[in-house]
Amino acid sequence: MASIKFRLRSSANKNVSIKVRLILGFKKQDLELNTGFSINPKDWSDSTDRPKQNNSENKIIFNNLKKLESFLFKSLNTDMGESIIIDKFWLESKISECFNRIEKTDNGLITNYIQNIIDAADVRKVKIKGGYKHGISLSRKNSFVATKNVLSEYETKTKKIIHFIDINQALIDKFEYWLLKTKGYAVNTASKHIANIKTVCIEAENRGIQVNSYAKQITIVSESDEDRYIQTLSFEELEKIRTADIISEAHKNARKWLLIGCEIGQRGGDLLNITKDNIRYKGGKMYLDLIQQKTKKAVTIGVIAPHVIDILENSFPYKITTQKLNDHIKKVCETAKINAMTEGKIFNAKTGRKEFKSYEKYKLITTHSFRRSFCTNYYKKIPTPVLMGISGHSKESIFRAYINAPEDTDENADLFMKFYNEIHKDKVPEMKIIKNTAQV
C-alpha cells in the first residue's frame, strides 16, 4: 500500500520547508520532495504531522496539504493503472499540477519544449545528405506552432498540463478522439499532430528528459487511399486551358505557371522559384535544373512541349505567392470551362473545416494538382522510374499512392516487350540451314 506523510527536516527557530513523503511499500520506493510551503517548527504538530491551526496562515497551509494529499492519492491510483512510472519526476510534476505552479522554462512540459523548438527554428541542426544544415523549413516550423497551439487548447479544456511523463496510450487515444470528433479534423491533420508529439518525445528523451516509455510506440494513422480525392488535369483539359480566351494579365500569368507546372512535375514552391537561370541547352534541347526544397534532390527535367518552351523562352511568367496562384488558377480553369462535377474537399471558412461533396472541378484545382497531373498524364507512357526521378518520389509504392494507381502486374512485362521490340526492330531475321545428319 501507498502512504503519504508530511514532515519538517529542521527544528531551527525560523521558517523551514515542509516535505511530502510518498512511500510505495510494494515497490519499496520512498520519495520525498519539498511541497513549496514553509512553516516555523513551533507551529508544527508532531502528533498530526500537520500545521497547528492557531492562526489564519497556518489554516491555509493545513488545507493546502490536505488538498495535496488527496490529489496525490487520486493521481497515484489513476497513473499506476496506466503503467506510468512513479518517481521523483512524477511527484514533482504532480505537486506543481496540484497548485498550478508551471515554470515556463520547464522542459518537462511538452508545450514548453515545442516552444523552444519554434524559438530556435532558424538555428536548429537538420540532417541532410552529406552532413547538416541550420534551420528547419518554414512549413515545418508552422507545423510545430499548430501542434503547440492545439495541445495548449486541449490542456485548457481538460484543465491538465501535459508533461512528457504523461504521454501514455490513454492520453494519446483521448487526444486523438478530441481532434477527430470535437475539433472535426481530417484524419491526416490529426495524425500530423500525433506524429509531431512522437517526434518531440523521442528528441526530448535523447536529450535526457524523462519521457513515458509508451511514446516510442505511438501509432500514426494515415488516411486510406480510398479517402484521398486527387484532382488532376488531363491533356484535353490542359489544351482547353491553353486556348481559353483570358483577358486579365494576372490570370494570363497564372495560366503560364499552370501549363509549366503540369509539364515539369514539381511542387508549387519549387515551380515558383524557377527563373531563367535554371534553363540550359544541350544539343539544341531545353533542360531545367533545380534543387527540390523538400528533399534537397537535384533534378533535371527535359522540356519538350512546344507551348511550354515558348513560355520559358519568350514570355517567362512573373513570380507570385502560392496563395495568389491558387486563387488565380481557379478563375483560369473556370474561364476554360473545367466545370465537371467532381468529388473533393474545400475549406469552409465558417466552420473552419474542409467539407467533402461534389463541386465544379475548377473549384478544386490548386498548385498540388500540377505535379499530380504530370505524374498521372505520363504514367504508363513514360517508364515509372523516369517519372519518379523527375517528380522526386523515392519509392514506387509512394508514387502509385500519390496518383492513386493500383499495382499493375503486367506493366513491367509490357514495358520489357516494348523496349525489346525497339531494340530489335532494325534487325533482319536470319535463316539458318540445319543439316540433317541422321543416318539412313
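Let me start with Asp49, which is partly exposed, at a relative accessible area of 27%, where buried means under 20% relative accessible area, exposed means over 50%, and partly exposed lies in between, for a 1.4 Å probe and protein chains only. Asp49 sits in the loop between β4 (44-45) and β5 (50-51), and its phi is near 55 degrees, a positive value in a residue other than glycine. Most residues other than glycine have a negative phi. Lys337 shows a positive phi as well, near 60 degrees, and is found in the loop between α11 (322-335) and β11 (341-348); with a relative accessible area of 56%, Lys337 counts as exposed.

A word on the basis for all of this: the model is a predicted one, in which local features need pLDDT of at least 70 and side-chain atom pairs count only at pLDDT 80 or more, while totals for chains, interfaces and linings use all residues. Residues are numbered from 1 along each chain as its sequence is written, and side-chain values use heavy atoms, with hydrogens and water left out.

For the chain as a whole, the secondary structure comes to 15 helices and 12 strands, these being DSSP runs numbered from the N terminus, with helices (H or I) of at least four residues and strands (E) of at least two. Buried residues make up 41% of the 440 residues. Taking contacts, that is heavy atoms within 4.5 Å, between residues at least 6 apart in sequence, 57% of them join residues at least 24 apart.

Now to the sheet at the start of the chain. It is an open sheet of 3 strands in the order β1-β2-β3, with antiparallel pairing, where two strands pair if DSSP finds at least two bridges between them. The edge strands are β1 (2-8) and β3 (29-39), each of which pairs on one side only. Neighbouring strands are turned by 20 degrees against each other on average, direction ignored; axes here are lines fitted to C-alpha atoms, for helices over the stretch in contact, and angles run from 0 to 180 degrees between N-to-C directions.

Helix α1 (residues 56-80) packs on this sheet and touches β1, β2 and β3, its direction making about 155 degrees with that of β1. Helix α2 (residues 88-98), for its part, lies across β2 and β3 and runs at about 30 degrees to β3.

Looking at the pairing residue by residue, β1 and β2 (residues 16-24) are joined over 7 bridges in the antiparallel sense, with Ala2 opposite Leu24 and Ser3 opposite Ile23. On the other side, 8 bridges join β2 to β3, and there Ile23 has Asp30 as its bridge partner.

Which elements give two or more residues to the lining of the second largest pocket? They are α1, α2, α4 (138-158) and α5 (169-182), and α1 provides the largest share, 5 residues. The lining holds 18 residues, of which Thr78, Asp79, Glu97, Lys160 and Lys174 lie nearest the centre. A pocket is an open set of points on a 1 Å grid over the protein atoms alone, where a 1.4 Å probe fits, with protein on both sides within 12 Å along at least five of seven lines, and lining residues have an atom within 4 Å of a point. By class, the lining has 6 nonpolar, 4 polar and 8 charged residues, with Asp, Glu, Lys and Arg counted as charged, Ala, Val, Leu, Ile, Met, Phe, Trp, Tyr, Cys and Pro as nonpolar, and the others, Gly among them, as polar.
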